[in-house]
Amino acid sequence: MAVPLLDLKRQYQTIGAELEAALIEVARSGLYTGGPAVEGFEQAAAAYCGVEHAIGVSSGTDAILISLMALGIGAGDEVITTPYSFFATAGCVRRTGAKAVFVDIDPQTYNIDPAGIEPAITENTKAILPVHLYGQCADMEAINEIASRHNLPVIEDAAQAIGAECAGLRAGGFGLAGAFSFYPTKNLGAMGEGGMVTTNDADFADTVRRLRNHGMSAQYRHEQIGGNFRMHALQAAALTVKLRYLDDWTVRRQHVAATYRRCFEEAGLTDRVTLPVEQFERHVYHQYVIRTERRDELLTALREQQIGCNIFYPLSFHEQPCFADLGYKKGDFPQAELASEQTLALPVFAELTDAEIAEVVDAIGRFLD
Ligand SMILES: *Cc1c(COP(=O)(O)O)cnc(C)c1O
């Protein structure tokens, strides 16, 4: 039995009629960018994340970029982040002209290791940019403690972690700002591109709202240079419908994770396969990532059996050709490098069945035994 890594058509089968009605309403309204659909989504999303302000933008990448721009970060500045994430995290830092300073990850959670942050702070450090990777919050209590001691703003890359919690707060509510992505494969996915910046700081929210619209403060008056980072009304309408289902989908993802664990234990595979570690109470399982020394062979074996799987991420930032000018070399971040050699993401989505999960674990067992 083939098992897909992700199948968005199954989700559409469950809520398609409701989505279509919402999209038609926007189509008939004539209001296609900004407007009531975007404002309605922003209010619902702010409440969901437990923050004062949510600002809809064009993508998750733009949410990170605009947050850095709102802080005035640029050439000569340094931003501390992880070497192990989707490209946009470090790419946005470089696009502002600032230098990305990497700190190795915790090998259990794959998130930035707070112990490495303080030694990386210099007089040029302007922000800390942790990522809540795979749907689990970075250790925000430890990170915020360091940040407040050094008076540094924290921008969370929460693209993979909408609804994730740690110490009673939700992703996007720990730092000065949270950057979210609604790329279709994310836990809350648009029918195209979308993103969001969250904050509890009214001035920061105003700045982001201006920058989203070319830095315009009054009609055709520009105090700052921003860009076109606006959210599409059609995406906001789709996201408003989907947000109502997000908690149900999260419960399903957690069920998938628990079922994988049970199947791996029953098959006696946990000595050869390392399963995800839940450090905090609400992991939203954007990805279900296992670890094995025979990762590359396993990937080939699973693909031959038509079991969906993928490597997130095969190359750490410090090994990317485009960041060669940062002067890092192989060996600088050993935990990130090991993770990129040993981890494999398995299928996880709300509609995945228990039979499919058992099939994935069987296929892994056949290969390892
Ligand atoms: C998806 C993602 C982004 C970028 O979001 P887009 O909407 O694709 O621009 C940024 N950071 C992380 C960690 C992501 O997973």
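Helices here are DSSP runs (H or I) of at least four residues and strands (E) are runs of at least two, numbered from the N terminus. With that in hand, Tyr 313 can be placed in the loop between α10 and α11. One more thing to keep in mind as you look around: this is a predicted model.

**The loop between α10 and α11**

Let us stay with Tyr 313 for a moment. The peptide bond that leads from Phe 312 to Tyr 313 is cis, and its omega is near 10°. That deserves a look on screen, because most peptide bonds are trans.

The loop that holds Tyr 313 also holds His 318, and the flanking helices span 295-304 for α10 and 334-342 for α11. Is His 318 buried or exposed? His 318 has a relative accessibility of 5%, so it counts as buried. Its side chain has a partner as well: a polar contact of 2.6 Å links His 318 to the side chain of Glu 337.

Leu 326 is another residue of the loop between α10 and α11. With a relative accessible area of 12%, Leu 326 is buried. If you would like a distance to check in your viewer, try Leu 326 and His 286: they are 40 residues apart along the chain, and 30 Å separates their C-alpha atoms.

**The ligand and its surroundings**

Now to the ligand, which sits in the largest pocket. Which elements give two or more residues to the shell around the ligand? They are α3, covering 60-70, and α4, covering 88-95. Helix α3 provides the largest share of that shell, with 3 residues.

In total, 16 residues surround the ligand, and the closest are Gly 60, Thr 61, Asp 157, Ser 181 and Lys 186. By residue type, the shell divides into 6 nonpolar, 8 polar and 2 charged.

Three of the side chains around the ligand have polar atoms whose distances to ligand atoms are worth setting side by side:

| Side chain | Ligand atom | Distance |
|---|---|---|
| Thr 61 | oxygen | 2.5 Å |
| Asp 157 | nitrogen | 2.8 Å |
| Lys 186 | oxygen | 3.1 Å |

How much of the ligand does the protein cover? On its own the ligand has 380 Å² of accessible area, and the protein covers 92% of it.

**Two residues with positive phi**

Backbone angles bring us to two more places. Most residues other than glycine have a negative phi, so the next pair may catch your eye.

Ala 167 is not a glycine, yet its phi is positive, at about 55°. You will find Ala 167 in the loop between β6 (165-166) and β7 (169-170). The relative accessible area of Ala 167 is 45%, which means that this residue is partly exposed.

His 214 is not a glycine either, and its phi is also positive, at about 60°. The place to look for His 214 is the loop between α7 (202-212) and β10 (216-218). His 214 is partly exposed too, because its relative accessible area is 39%.

**Some buried residues**

Thr 82 lies in the loop between β2, which covers 78-81, and α4. Helix α4 already came up as one of the elements that give residues to the shell around the ligand. Thr 82 has a relative accessibility of 1% and counts as buried. What does the side chain of Thr 82 reach? It reaches the backbone nitrogen of Tyr 84, at 3.0 Å.

Helix α2 is home to Phe 41. A relative accessible area of 1% makes Phe 41 buried. Measuring C-alpha to C-alpha in space gives 19 Å between Phe 41 and Thr 250, which are 209 residues apart in sequence.

Beyond α2 (35-49) comes a loop that leads to β1 (53-57), and Val 51 is found there. Is Val 51 buried or exposed? The relative accessibility of Val 51 is 10%, and anything under 20% is called buried, so Val 51 counts as buried. The C-alpha atom of Val 51 is separated by 18 Å from that of Leu 239, and the two residues are 188 residues apart along the chain.

Methods:
Residues numbered from 1 in each chain as written. Predicted model: local features only at pLDDT ≥ 70, side-chain atom pairs only at ≥ 80, totals over all residues. Heavy atoms only, no water. Near = heavy atom within 4 Å. Polar contact = N/O pair within 3.5 Å; in protein donor to acceptor, adjacent residues only side chain to side chain. Areas by Shrake-Rupley, 256 points an atom, 1.4 Å probe, with all protein chains shown as cover. 1 Å grid on protein atoms, 1.4 Å probe; cavity = no way out; pocket = protein on both sides within 12 Å on 5 of 7 lines; lining within 4 Å. Sits in = over half its atoms within 2 Å of the grid points. Nonpolar A, V, L, I, M, F, W, Y, C, P; charged D, E, K, R; others polar. Buried < 20%, exposed > 50% of the residue type's maximum accessible area, 1.4 Å probe, protein only.
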